[in-house]
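Please open the structure in your viewer and keep the sequence beside it, since this tour moves from one selection to the next and says what is found at each stop.

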Amino acid sequence: ELNKLSQPGRKTTDYVVPYMWGTAGLLYNKADVSRDEVMSWKCLWDPRFRNKILMKDSYRDAYGTAIIYAHARELANGTITVEQLMNDSSPEMIAIAEEYLKKMKPNIAGWEADFGKEMMTKGKAWLNFTWSGDAVWAMEEASAVGVDLGYEVPLEGSNIWYDGWAIPKYARNVKAASYFMDYLCRPDIVSRNMEVTGYVSTVATPEILAEKIDTTLTEFSDVSYFFGLGAERIQIDPAQYPDRKVVERCAMIRDFGNETEVVLEMWSRVKGDNLNSWIVILIFAVFGLLFVWVVYKRINRYQQKRRHRRRRSWYKKK
């Protein structure tokens with residue numbers, strides 16, 4: 001059971017049927033970035049990676065990452081937890097997140113929702129803050145074209161999340177929706193979906209475990225938190241099924257409630273001045289030239305009409 005995927009005081013299945021789950025971490029090109037570097041969120045602020053980083057266009061993930069990095073020392077000392085940090089929307093924390101995100105911004109080559117994994121596969125970026133499923137897809141695609149990518153969850157901690165199915169209260173056919181969700185949770189169906197998407201199903205059956213074991217791997221992971229006793233030492237893809245130690249340093253993002261709008265305003269400020277000053281100048285220059293060109297064309301057209309009228313007047317007098 002993934003206890004981390006439940007709201008406090010409630011079970012996940014009280015309000016949604018979990019579908020896929022995973023972590024947020026760093027996808028990196030091994031030719032340009034070392035594993036040691038991506039084991040800390042510090043790399044996102046490292047000027048060595050200026051314009052080499054792709055960041056998810058996700059305000060909650062970005063917010064959590066900034067707050068975690070800003071409190072790395074407190075986390076190491078055990079005086080605060082990832083859970084507390086990521087879900088703290090106090091004015092002080094929002095200000096800290098804005099400060100750190102703006103400091104990170106010069107390193108960001110683009111804010112992306114989906115194209116990051118393809119850019120990494122093509123070797124056009126060195127680092128990508130992404131979700132584990134996208135990372136798995138990218139690593140497989142990159143391997144086919146000779147690009148060696150890796151994925152890690154930094155030691156400071158990160159977000160663990162799940163996608164779920166819910167039936168709206170205004171649904172007309174609740175029975176059909178329930179059958180559909182049951183179908184998607186069948187082990188044979190989730191296995192096929194995992195193969196296509198790279199993401200991991202919340203269904204933990206012996207059949208799925210047996211299918212996901214990879215004896216070619218040299219490292220072993222403790223995935224007993226998911227598959228139960230007997231899965232303490234398994235050869236399994238750590239990007240899809242992270243070791244217990246990775247899960248323990250992650251936490252689930254909660255809803256900010258009434259503070260969501262304030263955080264979104266901060267996110268708009270962070271992204272709103274993302275343009276470099278020379279780009280802003282260039283934009284104004286282009287618009288200025290366009291304005292001058294339009295005015296010139298209109299004056300030229302007006303002068304041509306005047307000359308045409310004068311000629312007609314002259315011929316009439318003749």
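Begin by selecting T81, which sits in the loop that joins α3 (72-77) to α4 (82-86). With a relative accessibility of 38%, T81 is classed as partly exposed, because that class covers the values between under 20% for buried and over 50% for exposed. Now add E156 to the selection: 75 residues separate T81 from E156 along the chain, yet their C-alpha atoms are 9.8 Å apart.

Before going further, please bear in mind that this is a predicted model, and that colouring by confidence is a sensible next step. The pLDDT of the protein chain averages 87, and 86% of the residues reach at least 70. If you select helix α1 (residues 35-38), you are looking at the highest confidence in the protein chain, with a value of 97, whereas helix α14 (residues 277-317) has the lowest, with a mean of 66.

Switch next to a cartoon view of the whole protein chain, whose secondary structure consists of 14 helices and eight strands. The chain has 318 residues, and 42% of them count as buried. Among contacts in the protein chain with a separation of 6 or more, 70% are between residues 24 or more positions apart.

A further loop to visit is the one between α1 and β2 (53-56), where N51 is found. The phi angle of N51 is positive, near 65°, although the residue is not glycine. N51 is counted as partly exposed, because its relative accessibility is 47%.

The next selection takes you inside the protein: show W21, M139, L149, V223, F227 and Y241 as sticks, for these are the residues that touch the most other members of the largest nonpolar core, which holds 42 residues. Two or more residues of this core come from each of β1 (17-29), α7 (132-144), β5 (149-152), β6 (158-165), α9 (187-197), α10 (206-212), α11 (224-227) and α12 (244-248). Of these, α7 gives the largest share, which is five residues. Stay with V223 for a moment and, setting aside its neighbours within four places in sequence, you will find it in contact with G228, A231, I234, I236, Y241 and P242. A separate core of 38 residues lies apart from this one, and V33, L85, L101 and I108 are among its members.

From the core, move to α9, in which I189, V190, S191 and M194 are buried. If you display the surroundings of these residues, the elements that cover them include β1, α8 (174-184), β7 (200-201) and α10. Just after α9 comes G198, with a positive phi near 90°.

In helix α10, select P206. P206 is counted as exposed, because its relative accessibility is 63%. Adding G228 gives a pair that is 22 residues apart in sequence, with a C-alpha to C-alpha distance of 9.7 Å.

Where is empty space left? Rolling a probe the size of a water molecule over the atoms reveals it. Turn first to the largest pocket, which contains about 1,000 Å³ of space. Its lining is made up of 37 residues, and Y151, E219, D237, P238 and A239 are the closest to the pocket's centre. The elements β1, α7, β5, α9, α10 and α12 each give two or more residues to this lining. Colouring the lining of the largest pocket by class would show 16 nonpolar, seven polar and 14 charged residues.

How many cavities of 30 Å³ or more are there? The count is one, and the largest cavity has a volume of about 30 Å³. To see what surrounds this cavity, select A24, D61, G64, T65, I68, M86, F129, S158, N159 and I253, which line it. Two elements, α2 (59-70) and β6, give two or more residues to the lining of the largest cavity, and the largest share, four residues, belongs to α2. By class, this lining divides into five nonpolar, four polar and one charged residues.

Methods:
Residues numbered from 1 in each chain as written. Predicted model: local features only at pLDDT ≥ 70, side-chain atom pairs only at ≥ 80, totals over all residues. Heavy atoms only, no water. Core = buried A, V, L, I, M, F, W, Y, C linked by side-chain atoms within 4.5 Å. Buried < 20%, exposed > 50% of the residue type's maximum accessible area, 1.4 Å probe, protein only. Contact = heavy atoms within 4.5 Å. pLDDT = per-residue confidence, 0-100. 1 Å grid on protein atoms, 1.4 Å probe; cavity = no way out; pocket = protein on both sides within 12 Å on 5 of 7 lines; lining within 4 Å. Points joined across faces, edges and corners; volume = space filled by probe spheres on them. Nonpolar A, V, L, I, M, F, W, Y, C, P; charged D, E, K, R; others polar.
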